[in-house]
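Colleague: I am new to this structure. Please take me through the salt bridges closely.

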Amino acid sequence: MESIVVAIITGGLSLIGVIIATTANGRKMQSEMRASQAVMQERIDELTREVRKHNNFAERVPVLEEQIKVANHRIADLERKEEAAK
């Protein structure tokens, strides 16, 4: 009878130890996951900012190209007028 009581007490204490360890490990994992998720979110936010910058630049490039074409035509016209005046 004593060995049964000792076995039950030992098993109960072992079970309590496993529950405590599992709970502590779960909390630690959740904390690490939150930190990792925060880092990932910051990286996503940074990439989003960069993409927006790039998109803005990509939208402006054709406008700049058109303005450069117009400026080149004006310069060419001025050069032709200058040569014709000579």
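Modeller: Here is the setting, followed by the salt bridges one by one. This is a predicted model, where local features need pLDDT of at least 70, side-chain atom pairs count only at pLDDT 80 or more, and totals for chains, interfaces and linings use all residues. Residues are numbered from 1 along each chain as its sequence is written, and side-chain values use heavy atoms, with hydrogens and water left out.

The protein chain has 1 helix and 0 strands (DSSP runs: H or I of at least four residues for helices, E of at least two for strands). Its C-alpha atoms fill a box of roughly 125 × 15 × 10 Å along the principal axes. Buried residues (under 20% relative accessible area; exposed is over 50%, partly exposed in between, with a 1.4 Å probe and protein chains only) make up 0% of the 86 residues.

The whole structure holds 3 salt bridges (a side-chain nitrogen of Lys or Arg within 4 Å of a carboxyl oxygen of Asp or Glu). Start with Arg49. Its side chain meets Glu42 at 3.4 Å, N to O. Arg49 also pairs with Glu46, where the closest N and O atoms are 2.8 Å apart. Glu42, Glu46 and Arg49 thus form a network of salt bridges. Glu46 and Arg49 sit 3 residues apart in helix H1, about one turn. Arg49 is partly exposed at 40%. Glu42 is partly exposed at 46%, and Glu46 is partly exposed at 34%.

Now Arg80. Its side chain bridges to Asp77 at 3.0 Å, N to O. These two also lie 3 residues apart in helix H1, about one turn. Arg80 counts as exposed at 51%, whereas Asp77 is partly exposed at 35%.
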